[in-house]
Amino acid sequence: MTEAGEASPSFEDLQQAADWFAVLQGGAVSEEERQEWQRWLDTGPRQRAAWDQVLAVADVFAGAANPLARQVLERRPAVSRQRRTVRRALLVAPAAVLAGWAVSQLGPWRGWVAAYRTDTGEQRAVALSDGSELWLNTATALDVDYSATLRRLVLHRGEVLITSGHDPSSPPRPLVVDVAPGRLTALGTRFSVRYQDDGGVSVDVFEGAVRVAPRGRGEPVVVPAGRGALLLHDRVHLTPGQAGALPDWQRGMLVADGMRLGDFIAELRRYRRGYLACAPEVADLRIVGSYPLADTDRILSALQATLPVQVRQTMPWWTVVEARASPAAGAAAR
């Protein structure tokens, strides 16, 4: 997220900003280095936006930054500092929920105080009073609101697998899941619900069926077992759905079958604290395999061992996967 009128920083902009942060945090900084950093920062809005993002990640994962690295924030207008404060707070939430908030009335604060939450990389099982079972994936926030007439779940962010129980009430109360773009109604089923990066919500049905209704004027769609759907504010798109009886993440695995490396890293990012990105020049490499989500360092090491890539950590909380330098290039650099 960048301020109005600013261009979004590229992968290269963000890497330059991270490199400069490492220099300025490294201890003694010469006047020449400080001036060179300032010249880079003053190059344009993309550089300033990239610097803001690096500082935001540093605030969340590495504490207060070096005063020199912060001085650019102190010189800028108060309204910009307020926007950055909000941006830093939102960094700990998946990008999917940011767009969802724009079209919902649930309020961003609800995810931070939800009854059931998981941290990045954490998963949690929840048994409800009616016999329904939930499995919360990484960085998820969910509330349960059961009344005399309705069994209501509210997913604020992240992803959840739901197995609906047989309600003992008479008549049985419907089980619904409210998300920013609409409502899902379980029809005796097992299904997963996930916020996407653009604020849409994906649904995969493993047993039974789910009625998917957009919040706007779009028509509801009943999604059967073996199929999926993408729920937007004004419409529903049917999708092929996931293979198998359960999603792979519920077994603690990230499975790639010819997946683009860029897409793989984007998925892995959900389970790893800090910044993780894939360089554009290696994003189209294809990857095959099953990887245990409990150890993201091990996954990155496996990528480095099997693909022509290297994993570079500018700081412990800033990691990129990029093309492996050739021996000739390394010799020339020396």
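Which residue in S12 does Ala229 stand opposite? The numbered points below, written about a predicted model, come to the answer by way of the strands around Ala229.

1. Strand S11, which covers residues 228-231, and strand S12, which covers residues 236-239, run antiparallel and are joined by four bridges. Within this pairing, the residue that Ala229 stands opposite is Leu238 in S12. When you follow the chain from S11 to S12, you pass through a hairpin, in which four residues make the connection.

2. Strand S11 also pairs with strand S9, which spans residues 201-214; these two strands run antiparallel and four bridges join them. One place to look for this pairing in the structure is Val201, which stands opposite Leu231 in S11.

3. Away from those strands, the loop between strand S3 (133-136) and strand S4 (141-146) contains Ala139, a residue worth a careful look at its backbone. Ala139 has a positive phi of about 50°, although Ala139 is not a glycine. As for its surroundings, the relative accessible area of Ala139 is 10%, and because a residue counts as buried when this value is under 20%, Ala139 is classed as buried.

4. A further backbone detail concerns the peptide bond between Ser170 and Pro171, which is cis, with an omega of about 0°. To find this bond in the structure, look for Pro171 in the loop that lies between strand S6 (159-163) and strand S7 (175-179).

Technical notes. Residues are numbered from 1 along each chain as its sequence is written. This is a predicted model: local features need pLDDT of at least 70, side-chain atom pairs count only at pLDDT 80 or more; totals for chains, interfaces and linings use all residues. Side-chain values use heavy atoms; hydrogens and water are left out. Buried means under 20% relative accessible area, exposed over 50%, partly exposed in between (1.4 Å probe, protein chains only). Two strands pair if DSSP finds at least two bridges between them.
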